[in-house]
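Subject: Structure for your reading, with notes

Dear colleague,

Please find below the structure that I am handing over to you. I would be grateful if you kept it open while you read the notes.

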Amino acid sequence: MPEISVENGRIKQQNLDTYPLLKLASTPRIETVLVPSYDFWGGVGEPTICVVGPAVANAVFAAIGGSVRNFPLSKEGLSLA
């Protein structure tokens, strides 16, 4: 769903109130496994955000058997409705 769009050389979404964010209820179930590395600590919650796109693509593939190659899903002719 989210996409940065440009009109007349300017980004249309000026702030998060005009940018359509993916809601938690629309995301597939994500399982996170914390593996101790015994090295310098890092973030725990932030690194997992990068798996949302692939998780959605895998959920779409499981549901319809077709691969998703572009986001937002509307570019693939799909919607969350």
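The notes that follow go from the overall picture to single residues.

Please bear in mind throughout that this is a predicted model.

Overall picture

The protein contains one helix and two strands. Their order along the sequence is β-β-α, so the helix comes after both strands in that pattern. The protein has 81 residues, and 11% of them count as buried. Its accessible surface comes to about 6900 Å², and carbon and sulfur atoms hold 57% of that area. Among the contacts with a separation of 6 or more, 27% are between residues 24 or more positions apart.

The strands and their surroundings

Strand β1 covers residues 6–7, and β2 covers residues 10–11. The loop between these two strands includes N8. The phi angle of N8 is near 55 degrees, which is a positive value in a residue other than glycine. Is N8 buried or exposed? N8 counts as exposed, because its relative accessibility is 76% and the cut-off for exposed is over 50%.

The structure holds one salt bridge. Which residue pairs with E7 in it? The partner is K12, and the closest N and O atoms of the two are 3.9 Å apart. Side chains of opposite charge can pair when their charged atoms come close. Both ends of this pair are open to the surface in part: E7 has a relative accessible area of 44% and is partly exposed, and K12 is partly exposed at 46%.

A nonpolar patch also lies on the surface, made by I4, V6 and I11 and amounting to about 280 Å². Of these residues, I4 is placed in the segment before β1.

The helix and the core

Helix α1 runs over residues 52–64, which makes 13 residues. How far apart are its end C-alpha atoms? They are 18 Å apart, and this agrees with the 18 Å that the helix should span at 1.5 Å a residue.

The buried residues of α1 include V52, A55, V56, A57 and V60. An α-helix has 3.6 residues a turn, so residues three or four places apart point the same way. The largest nonpolar core has six residues in all: V52, V56, A57, V60, V68 and L73.

Two members of this core deserve a separate look. Apart from neighbours within four places in sequence, A57 is in contact with V68 and F71. V60, which lies in helix α1, is buried because its relative accessible area is 13%, under the 20% cut-off. With the neighbours within four places again set aside, V60 is in contact with G65, G66, V68, L73 and L78. V60 and L73 are 13 residues apart along the chain, and their C-alpha atoms are separated by 9.6 Å.

After the helix

Just after α1 comes G65, whose phi is positive at about 80 degrees. Further notes concern K75, which lies in the segment after α1. K75 is exposed, with a relative accessible area of 51%. Which residues does K75 touch, leaving aside its neighbours within four places in sequence? K75 is in contact with E3 and N70.

When you look through the model, you may wish to begin with V60 and its contacts, and then turn to the salt bridge of E7 and K12.

With kind regards

Key: Residues are numbered from 1 along each chain as its sequence is written. This is a predicted model: local features need pLDDT of at least 70, side-chain atom pairs count only at pLDDT 80 or more; totals for chains, interfaces and linings use all residues. Side-chain values use heavy atoms; hydrogens and water are left out. Helices (H or I, at least four residues) and strands (E, at least two) are DSSP runs, numbered from the N terminus. Buried means under 20% relative accessible area, exposed over 50%, partly exposed in between (1.4 Å probe, protein chains only). Contact means heavy atoms within 4.5 Å. Accessible areas come from the Shrake-Rupley method with a 1.4 Å probe; for residues, only the protein chains shown count as cover. A salt bridge is a side-chain nitrogen of Lys or Arg within 4 Å of a carboxyl oxygen of Asp or Glu. Patches are made of residues with over 30% relative accessible area and no salt bridge: like charges are joined within 9 Å, nonpolar side chains (Val, Leu, Ile, Met, Phe, Trp, Tyr) within 5 Å. The expected span of a helix is 1.5 Å times one less than its number of residues. A nonpolar core is a set of buried Ala, Val, Leu, Ile, Met, Phe, Trp, Tyr and Cys residues joined through side-chain atoms within 4.5 Å.
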